Amino acid sequence: RIPETDAEIVAAAGGVAVLMGGPSAERAVSLKSGAAVVAALQRAGVDAWGVDWQGDLMGLLAARRPDRVFIALHGRGGEDGQVQGALQIAGIPYTGSGVLGCALSMVKIRSKWIWSNLGLPTPDFVVLEAGDAVDAARLVERLGLPLVVKPSREGSSIGVSKVERMEEVAGAIAHARRFDTQVLAERWITGGEYTLSIVDGVSLPMIKLETPHAFYDYEAKYLADTTRYLCPCGLPEAVEHATADVARRAFAALGASGWGRVDFMFDRDHKPWLIELNSVPGMTDHSLVPMAAAQYGWSFEALVLRILRSSFGGRA
């Protein structure tokens, strides 16, 4: 039986290992997310402890076998289905999406192929594989300027560049290839940046992101004090409801479950464009899911319990 109330979740949880750190480029952020989750679960009355994944994951868990795992890993290894597969084979319940949902959402190119084929709005793009010769003029002719170049399999805007002149294309691609052999060039949407979180079947209030940076980059996400987070986001209610429907369809299309965050750009005509799905979003003091949850009326403790609840259900 899946517990319903917070008290039932706490009672049924048993021992919970919060998996954090990991080998990805987002390790530092993951450690902050994990520490915040451990503290919140403990305040809620759950027997929770942190596990910093370095080396032998299953050996770390065997040292103190948990009843379930709260995944607070970001990026490759922890957000791409690898850890989920290992836990599934070991028979240890875990939070969030399963192997399929994580794998599809981690690879931006595959996310966009699926969304495009289903008629969901996502900006036009070009895939640049390792070894591909790049014709900057043809790329600009196809996508226009500005455009954005990003690694296909990274998060937190790592390796992402906004390209405003043709002469910048080669440098942006080289920068992205430092993080991934597979690179994505994407049409830039001129307009506002928004995000919508889905937790335990609930679409939380949308957040509008405003930054003096060229876009919502790593520094704007985690370090800067100049980023503004608007929640309520200021969109007309009908537009926000319609966007939430697009987000739920995009979430389901990738086989995601439990919780996640869908990022959008809105053009000047208030049309939303899907950018990516984060299957294990950040849970730091700068993170967006906790902000949206607070606007909805959930404390941070209530939020982590609703995420923990996903470890009791089935998944793709």
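At what angle do the axes of helix α1 and helix α12 cross? In this predicted model, the two axes cross at roughly 60° and come within 10 Å. Helix α1 covers residues 6-13, and helix α12 covers residues 300-309. Angles from 65 to 115 degrees count as roughly perpendicular and those under 35 degrees as roughly parallel; α1 and α12 are therefore oblique to each other. Their crossing is left-handed.

The contact between these helices can be described residue by residue. On the side of α1, the participants are D6, I9, V10 and A13, which meet A302, L305, R306, L308 and R309 of α12. Six residues of this contact are nonpolar, three are charged and none is polar.

A further element is an open sheet of four strands, arranged in the order β4-β7-β5-β6 with antiparallel pairing. The edge strands are β4 and β6, each of which pairs on one side only. On average, neighbouring strands of the sheet are turned by 20° against each other, direction ignored. The residue ranges of the strands are listed below.

| Strand | Residues |
|---|---|
| β4 | 125-128 |
| β5 | 147-151 |
| β6 | 161-163 |
| β7 | 183-187 |

Within this sheet, β5 and β6 pair in the antiparallel sense over three bridges. V148 has K162, in β6, as its bridge partner.

A helix also accompanies the sheet: α7, residues 136-143, lies across β4, β5 and β7. Helix α7 runs at about 150° to β4.

Conventions
Residues numbered from 1 in each chain as written. Predicted model: local features only at pLDDT ≥ 70, side-chain atom pairs only at ≥ 80, totals over all residues. Heavy atoms only, no water. Axes fitted to C-alpha atoms, helices over the stretch in contact; angles between N-to-C directions. Helix = DSSP H or I, 4+ residues; strand = E, 2+ residues; numbered from the N terminus. Parallel < 35°, antiparallel > 145°, perpendicular 65-115°, else oblique. Left-handed = near helix turned anticlockwise from the far one by under 90°. Contact = heavy atoms within 4.5 Å. Nonpolar A, V, L, I, M, F, W, Y, C, P; charged D, E, K, R; others polar. Pairing = 2+ DSSP bridges.
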